[in-house]
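Biologist: I am new to this structure and would love a close look at a single part of it. Could you pick one strand and walk me through its surroundings, step by step?

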Amino acid sequence: MTDHAPSERVSSEPHPEIWTGRARNRGQWLLACGGAACLALGIDLAVEALWPSGILPLIMSIVGLIAVGLLILFGTLAFVHVAVKVDKDSLEVRCGHIGVPRRRIPLSHVVDADFAPAVTPRQWGGWGYRWRPEQGTAVIVRRGEGVVLSLGDGRKFTVTVDDAEAAVRVIRERLGLPGTAPV
């Protein structure tokens, strides 16, 4: 979450052709380290293990540790940060270092955009790419400010991003909607 001086909040300058924003979650690195530790332990067992109880328990342990390590490692690294880009045609959300999962929403499908000052993982059931029937879809990488899009089909899409107010202003300007209002 960022604090902006009042002079930064209300700007008479035209918005850039492409607006970009990011949000990071440094806490996810701790979980990624746990996944790497499981992976390393599985590899260590595969290389140096001499289990007197037989080969089957050894293979199950190795496969289990490697699978859990990979799931934790890739599951957390995918949501260490999010990059949001708003251009003249769409809003695009890319997660993690390789940009997957990715979501592109054409602005022609957006009915409204609102600023949410306090989006928390608790509201959505955790970090990551989330769906809740009563709330819609969200990409949550940390607690803080976010953008809430109301789509033409009645669904909502929320993303946590730094300087979400600026993103909402740019989207609303491109849609021809007046002002911004907190959710």
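Modeller: Let's take strand β8, residues 144-151, which is mostly covered: eight of its eight residues are buried. Please keep in mind that this is a predicted model, and that a residue counts as buried when its relative accessible area is under 20%.

Start with the sheet that holds β8. Five strands form an open sheet here, in the order β5-β8-β9-β7-β6, and the pairing is mixed. The edges belong to β5 and to β6 (128-132), each of which pairs on one side only. Neighbouring strands in this sheet are turned by 20° against each other on average, with direction ignored. As background, strands of a sheet pair through backbone hydrogen bonds, and they can do so in a parallel or an antiparallel way.

Now look at one flank of β8. Strand β5 (residues 110-119) runs antiparallel to β8, and seven bridges join the two. To find this pairing on your screen, pick V119, which stands opposite G144 in β8.

On the other flank is strand β9, residues 156-160, which pairs with β8 in the antiparallel sense over five bridges. Three pairs of residues let you trace this contact. G146 has T160 in β9 as its bridge partner, V147 stands opposite V159, and S150 stands opposite K156. The two strands also form a hairpin, with four residues between them. In that turn you will find G154, which has a positive phi of about 95°.

How much of β9 itself is covered, and what does that say about its place? Four of its five residues are buried, so β9 is largely enclosed by the rest of the structure.

Moving across the sheet, β9 meets strand β7 as well. Here the pairing is parallel, over three bridges. V139 stands opposite V159 in β9, and V159 is also the residue that V147 of β8 stands opposite. That makes V159 a handy landmark when you move from β8 towards β7.

Strand β7 covers residues 136-140, and G136 is part of it. With a relative accessibility of 10%, G136 counts as buried, because the cut-off for that word is under 20%. G136 also lies 7.8 Å from T158 in space, C-alpha to C-alpha, although 22 residues separate them in sequence.

It helps to set this part within the whole chain. The protein chain has five helices and nine strands, and from the N terminus on, its elements run α-β-α-α-β-β-β-β-α-β-β-β-β-α. Of its 183 residues, 40% count as buried.

There is another sheet to look at beside the one holding β8. Four strands form this open sheet in the order β1-β2-β3-β4, with antiparallel pairing. At its edges stand β1 (19-24) and β4 (102-106), each with a single partner strand, so one side of each is left without a neighbour in the sheet. Neighbouring strands of this sheet are turned by 10° against each other on average, direction ignored. Inside it, β2 (residues 81-86) and β3 (residues 90-95) pair in the antiparallel sense over five bridges, and V84 has V93 in β3 as its bridge partner.

Two helices round off the tour. Helix α5, residues 164-175, has 12 residues and reaches 16 Å from its first C-alpha to its last, close to the 16 Å expected at 1.5 Å a residue. Its buried residues include A164, A167, V168 and I171, along with E165 and R172. After α5 comes G176, whose phi is positive, near 80°.

Helix α3 spans residues 55-77 and contains I59. This residue is partly exposed, with a relative accessible area of 44%. I59 also helps to make a nonpolar surface patch of about 520 Å², together with I55, L56, M60 and V63.

To return to your strand: β8 has all eight of its residues buried, with β5 joined to it by seven bridges and β9 paired with it over five.

Methods. Residues are numbered from 1 along each chain as its sequence is written. This is a predicted model: local features need pLDDT of at least 70, side-chain atom pairs count only at pLDDT 80 or more; totals for chains, interfaces and linings use all residues. Side-chain values use heavy atoms; hydrogens and water are left out. Patches are made of residues with over 30% relative accessible area and no salt bridge: like charges are joined within 9 Å, nonpolar side chains (Val, Leu, Ile, Met, Phe, Trp, Tyr) within 5 Å. Accessible areas come from the Shrake-Rupley method with a 1.4 Å probe; for residues, only the protein chains shown count as cover. A salt bridge is a side-chain nitrogen of Lys or Arg within 4 Å of a carboxyl oxygen of Asp or Glu. Buried means under 20% relative accessible area, exposed over 50%, partly exposed in between (1.4 Å probe, protein chains only). Two strands pair if DSSP finds at least two bridges between them. Axes are lines fitted to C-alpha atoms, for helices over the stretch in contact, and angles run from 0 to 180 degrees between N-to-C directions. The expected span of a helix is 1.5 Å times one less than its number of residues.
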